[in-house]
Amino acid sequence: MSKTNSILDLIETGIKAENLRQKAIANNISNLETSGYRRIDVEFEKLLAKCLNSAGEVDLSKIEPQVYRPKQTPVKSNGNDVDFEAEVGEMIKNTLRHKAYIRLLSKKYRQIELAMDVGGR
Amino acid sequence: MEVDNVFDPIDITISGLRAQGKQMEIISSNVANARTTDAGRGEPYRRLEAVFKSDGDIEGVKIDKILTDMSDFLKVFDPGNPHADEDGYVAMPNVNLPVEMMNLNIATRMYQANVAVLRRYQQMVETTLELLR
């Protein structure tokens, strides 16, 4: 796979993961008062790091963000473990990461367009 | 703790928000039980007090433990009360409403301060992201 594709792939995988995480957070917040509900989280950065550290060519489109239920969070009296403030914090972090990916993507497109302009003249 | 240090300030302010949320819970328990003469242990309700703790130099805050205030109960003359002693006095909880109102104000302001830091830090990161435009 060429280098150009791999950067776009990386950004795409990242945006997909942030999308999924945003959905998980929305799900957690809407179940704030649901008794017995355990919060869900998305694992992506760890999988990505493991993939990037491994030797040889990696296919980034193969990395799938995983939804999981963390077991160690303290549970409230109604069996629910969602903390509103923590979810808002996660959402802010997620938004910032998403913004970074989007900016990188537009930067990359601008680069490609520049190359095409030079070729056309 | 997570690896990405860029987001540490966010985790720290969130820990502040959570601690103040818990503090609010304790204040509301104190205010709600300001006239509870029977807290189930044969004595009136004792007011609760949160102890905040930090684990390191740059670390979030957390509620270490919730202590009960061991100061004396207030004696109120009320002979008709079933909890009254032979002299007609009833032991009332050691909750002092003005103190609770003050703590409520402090907790609210602390919460607002943490939100202000959070918002400002978010703006800072967004300024950095502007460089990528």
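## Exercises on salt bridges and burial

Glu126(B) is partly exposed, with a relative accessible area of 23%; buried means under 20%, exposed over 50% and partly exposed in between, with a 1.4 Å probe and protein chains only. The model is predicted, so local features need pLDDT of at least 70 and side-chain atom pairs count only at pLDDT 80 or more, while totals for chains, interfaces and linings use all residues. Residues are numbered from 1 along each chain as its sequence is written, chains are lettered from A and ligands numbered from 1 in the order in which they are written, and side-chain values use heavy atoms, with hydrogens and water left out.

**Exercise 1.** Find the salt-bridge partner of Glu126(B) and place both residues.

Step 1. A salt bridge requires a side-chain nitrogen of Lys or Arg within 4 Å of a carboxyl oxygen of Asp or Glu. Step 2. Lys99(A) fits, with its closest N and O atoms to Glu126(B) 3.2 Å apart. Step 3. This pair crosses between chains: Lys99(A) is in helix 3 of chain A, and Glu126(B) is in helix 2 (residues 97-130) of chain B. Helices here are DSSP runs (H or I, at least four residues), numbered from the N terminus. Step 4. Lys99(A) has a relative accessible area of 29%, so it is partly exposed.

**Exercise 2.** Describe the pair Glu90(A) and Lys93(A), and state whether each residue is buried or exposed.

Step 1. Their side chains form a salt bridge at 3.3 Å, N to O. Step 2. Both sit in helix 3 (residues 84-120) of chain A, and because they are three residues apart, about one helical turn separates them. Step 3. Glu90(A) has 17% relative accessibility and therefore counts as buried. Lys93(A) is also buried, at 1%.

**Exercise 3.** Give further salt bridges and the total over all chains.

Step 1. In chain B, Lys53(B) pairs with Asp55(B), the closest N and O atoms being 3.7 Å apart. Lys53(B) is partly exposed, with a relative accessible area of 35%. Step 2. In chain A, a network of salt bridges links Glu18(A), Arg21(A), Glu45(A) and Arg97(A). Step 3. The count over all chains is 23 salt bridges.

**Exercise 4.** Characterise the surroundings of Gly14(A).

Step 1. Gly14(A) belongs to helix 1 (residues 3-30) of chain A. Step 2. Its relative accessibility is 0%, so Gly14(A) counts as buried. Step 3. Leaving out residues up to four places away in sequence, Gly14(A) touches Phe44(A) and Tyr101(A); contact means heavy atoms within 4.5 Å. Step 4. Ser54(A) is 40 residues from Gly14(A) along the chain, and their C-alpha atoms are separated by 18 Å.

Conventions
Helix = DSSP H or I, 4+ residues; strand = E, 2+ residues; numbered from the N terminus.
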